[in-house]
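Good morning, and thank you for the time on today's agenda. I should like to take the group through the interior of one model, beginning with its open space and ending with its backbone geometry.

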Amino acid sequence: MTRAGGEAQRRRRAAEPLERQAGWCRALGSPLYADLLTRAAVDCAAGGATWDVLAGREDDAPESVLALRLTGAVHRLALDGRAPALARHYPSAGGNPGTDAEVWAAFRDVLEAERDALRALVLEPVQTNEVGRSACLLGGFLAVARESGLPLRLLEIGSSAGLNLRFDRFRYEGGGVAWGDPAASVRLTGIFDGPPADLRGELRVASRAGCDARPVDPVAEPGRLTLRSFLWPDQVERRARLDAALEVAATVPASVERADACDWLEQRLAPGPARGAATVVFHSIVLQYLGRERAARLPTLLADAGARASAAAPLAWLRLEPVLLPDGGLAFRVLLTTWPGGRERVLAACSAHGPPVSWLDEESRCSSP
């Protein structure tokens, strides 16, 4: 193979994740990113400005989501004032999208002008910390609280900034049911598609702690900029939820440590689940970032801890993760495993960002909203 042919293949490998993510962005309601990433993939394969930024990243693991690392890096520059022409097309920065060709031209200009800065920024991991996922997990938290009759000891892996560790300070509404403070600044409405989860009952949080390989400080401005940069610029509702959740984080403490997820959990579960509380280990769209070895270790670690669980010290594993469908597509499911006993339930189906939630578990479904 000639040198030129080898580079063409590298460019194509870097373009492929951009194409795939364009499809996801279209399906998840971001036409702006769907078009930008489609054009960026073509530009990358042709050796344009996109390739100049991504050269050397063509063999990055698919799970690291190269496309979102690129768009997040560019978005960060638009938000912090270093890309004003692009910011004029990003609703997240107060702009209006304009035509697809205009947005792409401004995006490509940033790739060219800020190539060196972007080559460094694109190394940063995706840190979405999507608050909408709490709407999918709430029914599971409430089921554990009802069934155990105990306050919850929350342990979240892949916490990012720990915003979902404060889920109990949000307001949830949908399907004729509601839960949470009506005056809460974070409001998740219209969350159910079909019969809703059972949102009845009291829920008390005894403690909240998390870990992340690269935790983000939700109170300091650099951390807030990081979280905002990974949202999609034309999804202003998500931005409003994030901003409200950041204000909650400033008043509700939650410790998020820099640590390996399995090592951190093993340390906290080694003595067994805590007596007088229901220990809930939870995560949302995290397994892909752990790598195969750690993702495979997690169920064993939890089952070992579950073997030491009791009615006075129960353990629950609540997670929202993608599952591979027979046709090769992905779906997102909420699962709950509880100990003692190790019973596993599929609670709900949802989207990658949360609502709409289709509640599947009849035992924890509201029969008369």
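A pocket, in what follows, is an open set of grid points with protein on both sides within 12 Å along at least five of seven lines, and its lining residues have an atom within 4 Å of a point. Please bear in mind throughout that this is a predicted model.

Let me begin with the pocket. The largest one has a volume of about 1,300 Å³. Its lining comprises 50 residues, and those nearest the centre are Glu63, Val65, Ile285, Gln288 and Tyr289. Two or more lining residues come from each of helix H1 (3-27), helix H4 (66-79), strand E5 (205-212), helix H12 (287-290) and strand E9 (330-339). Sorted by class, the lining holds 25 nonpolar, 12 polar and 13 charged residues.

Of the central residues, I should like to dwell on Val65. Val65 sits in the loop between helix H3 (49-54) and H4. Is Val65 buried or exposed? Its relative accessibility is 13%, so Val65 counts as buried, the cut-off being under 20%. Setting aside residues up to four places away in sequence, Val65 touches Gln21, Val126, Gln288 and Tyr289. Two of those partners, Gln288 and Tyr289, are also listed among the residues nearest the pocket centre. Val65 and Pro125 are 60 residues apart along the chain, yet their C-alpha atoms are separated by 8.4 Å. The backbone of Val65 also deserves attention: phi is positive, at about 55°, although the residue is not a glycine.

Ser160 shares that feature, with a positive phi of about 60°, and it is likewise not a glycine. Ser160 belongs to the loop between strand E1 (152-157) and strand E2 (171-174). With a relative accessibility of 3%, Ser160 is buried.

I turn now to enclosed space. How many cavities of 30 Å³ or more does the count give? The count comes to 1 cavity, and the volume of the largest is about 30 Å³. Thr128, Asn129, Glu130, Val131, Leu231, Arg238, Arg241 and Leu242 line that cavity. By class, this lining has 3 nonpolar, 2 polar and 3 charged residues.

Next, the packing of the interior. In soluble globular proteins, nonpolar side chains tend to be buried together. Here, the largest nonpolar core contains 56 residues, and the ones with the most contacts inside it are Phe141, Leu152, Leu163, Tyr172, Val280, Leu318 and Val334. Helix H8 (residues 134-148) is the greatest contributor to this core, giving 9 residues. There is also a second, separate core of 42 residues, which includes Ala14, Ala22, Trp51 and Phe230.

Tyr172 illustrates the first of these cores. Beyond residues up to four places away in sequence, Tyr172 touches Ser134, Ala135, Leu138, Phe167, Val177, Ala178, Trp179, Leu188 and Ile191.

Two buried threonines come next. Thr279 lies in strand E7 (residues 278-284), and it is buried, with a relative accessible area of 0%. Its side chain makes a polar contact with the side chain of Arg153 at 3.2 Å. Its contacts beyond four places in sequence are Arg153, Leu155, Leu269, Pro273, Ala274, Pro314, Leu315 and Ala316. For Ala316, 37 residues from Thr279 along the chain, the C-alpha separation is 6.2 Å.

Thr337, the second threonine, is found in strand E9. Its relative accessible area is 4%, and therefore it is buried. Which side chains does the side chain of Thr337 meet in polar contacts? One is that of Arg319, at 2.8 Å, and another is that of Glu344, at 3.3 Å. Once residues up to four places away in sequence are left out, Thr337 touches Leu315, Ala316, Trp317, Arg319, Gly342, Arg343 and Glu344. Leu315 and Ala316 thus appear in the contact lists of Thr337 and of Thr279.

Finally, the peptide bonds. Trp339 and Pro340 are joined by a cis peptide bond, with omega of about 10°. Pro340 is in the loop between E9 and strand E10 (343-351). Another cis peptide bond joins Pro355 and Pro356, where omega is about 0°. Pro356 is part of strand E11 (residues 354-359).

That concludes my remarks, and I thank the group for its attention.

Key:
Residues numbered from 1 in each chain as written. Predicted model: local features only at pLDDT ≥ 70, side-chain atom pairs only at ≥ 80, totals over all residues. Heavy atoms only, no water. 1 Å grid on protein atoms, 1.4 Å probe; cavity = no way out; pocket = protein on both sides within 12 Å on 5 of 7 lines; lining within 4 Å. Points joined across faces, edges and corners; volume = space filled by probe spheres on them. Nonpolar A, V, L, I, M, F, W, Y, C, P; charged D, E, K, R; others polar. Helix = DSSP H or I, 4+ residues; strand = E, 2+ residues; numbered from the N terminus. Buried < 20%, exposed > 50% of the residue type's maximum accessible area, 1.4 Å probe, protein only. Polar contact = N/O pair within 3.5 Å; in protein donor to acceptor, adjacent residues only side chain to side chain. Contact = heavy atoms within 4.5 Å. Core = buried A, V, L, I, M, F, W, Y, C linked by side-chain atoms within 4.5 Å.
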